[in-house]
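Please walk me through this structure in careful prose, beginning with a single strand pairing and then working outwards to the sheet and the helices around it.

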Amino acid sequence: MKIGRRRIKPRLNAQRSPRAQLGSKLYFGQDFDRTMFYRTEVFVHRFTCRTIKLFFVFQFCESENLFRRERLKTVSQSSDLQSARAVFLDRDGTINEDSGYVSHPRELIIYPWAAEAIRLINESGMKAFVITNQSGVARGLYTEETLHAVHERMREELAREGAKIDAFYYCPHHPDFGDARYKKICDCRKPRPGLLHRAAREHRIELARSYVIGDKASDMNLAAGVGAVGALVLTGYGRGTHADSERWPCEPSIVAGDLLEAVNIILDRM
Ligand SMILES: [Mg+2]
Ligand SMILES: [Zn+2]
């Protein structure tokens, strides 16, 4: 046995590698090769794992997008079958900064997220209307012509970003100010529902399936008055309105940071 062992051992050494016989330095070299091989293997393994992960993340994002597109398609198809739904948008403090009275087109500052929000409404198949109290006309701060110019500018700026307002409705009246044309207790000054009824007639809108987005209690009360869903935005007078909400007759169904968030919540609920 002893002899056998002695005879086998050198033979194995000889078989391992010709280099192995040249000394420990070359053994180190072999270990080094193995280490490199191991490291390469780890690298390949990690690379493969990351690629697979990335692939699944990409697939997930794609299916999310697909889901959103399908949802918009379903919403627009269902609205084709029935009379249209609409989102009624307050103007000052909701679409644009509320600087008191916008008495010239150049004073109009549209919020940077407004166009995307309105574009989402357009893509959903719902109509988008502006519903605004403009007592500045009755007060003599600007004329109806100027108001039309302001709305034309808004239309242009939104169109540049692919968003469209289907129609603008405004109340130029006030119970205490103006001449005979404008000084009256009208049925169109929010929270009275005259403007919504006009829009509903002209565009065949079902108000009870529609939405009102605004920054004041009058917007929320308007929504409640016609059975629409009210969404309060916290821009413009929104924060103050929200803080004071215990005093109004009608609480909003939705409270959102801004117009874009409000629209996203509405689309998620559909
Ligand atoms: Mg407002
Ligand atoms: Zn009016």
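**From one strand pair to the whole sheet**

In this predicted model, strand β1, covering residues 86-89, runs parallel to strand β4, covering residues 211-214, and 3 bridges join the two. Within this pairing, Phe-88 stands opposite Val-212 of β4.

Helix α8, formed by residues 259-269, packs on the sheet, where it touches β1, β4, β5 (229-233) and β6, and its direction makes about 140° with that of β6. Another helix, α5 (residues 194-203), lies across β1, β2 (127-133) and β3, and runs at about 150° to β3.

The strands named so far belong to an open sheet of 6 strands with parallel pairing, whose order is β3-β2-β1-β4-β5-β6. Because β3 (167-171) and β6 (254-256) stand at the edges, each has a single partner strand, and one side of each is left without a neighbour in the sheet. From one strand to the next, the twist averages 20°.

Helix α6, made up of residues 217-226, deserves a separate look, and one may ask which of its residues are buried. They are Ala-217, Asp-219, Met-220, Asn-221, Leu-222 and Ala-223. An α-helix has 3.6 residues a turn, so residues three or four places apart point the same way. As for their surroundings, the buried residues of α6 pack against helix α5, strands β4 and β5, and helix α7 (238-243). Just after α6 comes Gly-227, which takes a positive phi of about 80°.

How values were computed
Residues are numbered from 1 along each chain as its sequence is written. Chains are lettered from A and ligands numbered from 1 in the order in which they are written. This is a predicted model: local features need pLDDT of at least 70, side-chain atom pairs count only at pLDDT 80 or more; totals for chains, interfaces and linings use all residues. Two strands pair if DSSP finds at least two bridges between them. Helices (H or I, at least four residues) and strands (E, at least two) are DSSP runs, numbered from the N terminus. Axes are lines fitted to C-alpha atoms, for helices over the stretch in contact, and angles run from 0 to 180 degrees between N-to-C directions. Two residues are in contact if their C-beta atoms, placed from the backbone, lie within 7 Å. A residue is buried if 20 or more other C-beta atoms lie within 10 Å of its own, exposed if 12 or fewer, and partly exposed in between; C-beta atoms are placed from the backbone.
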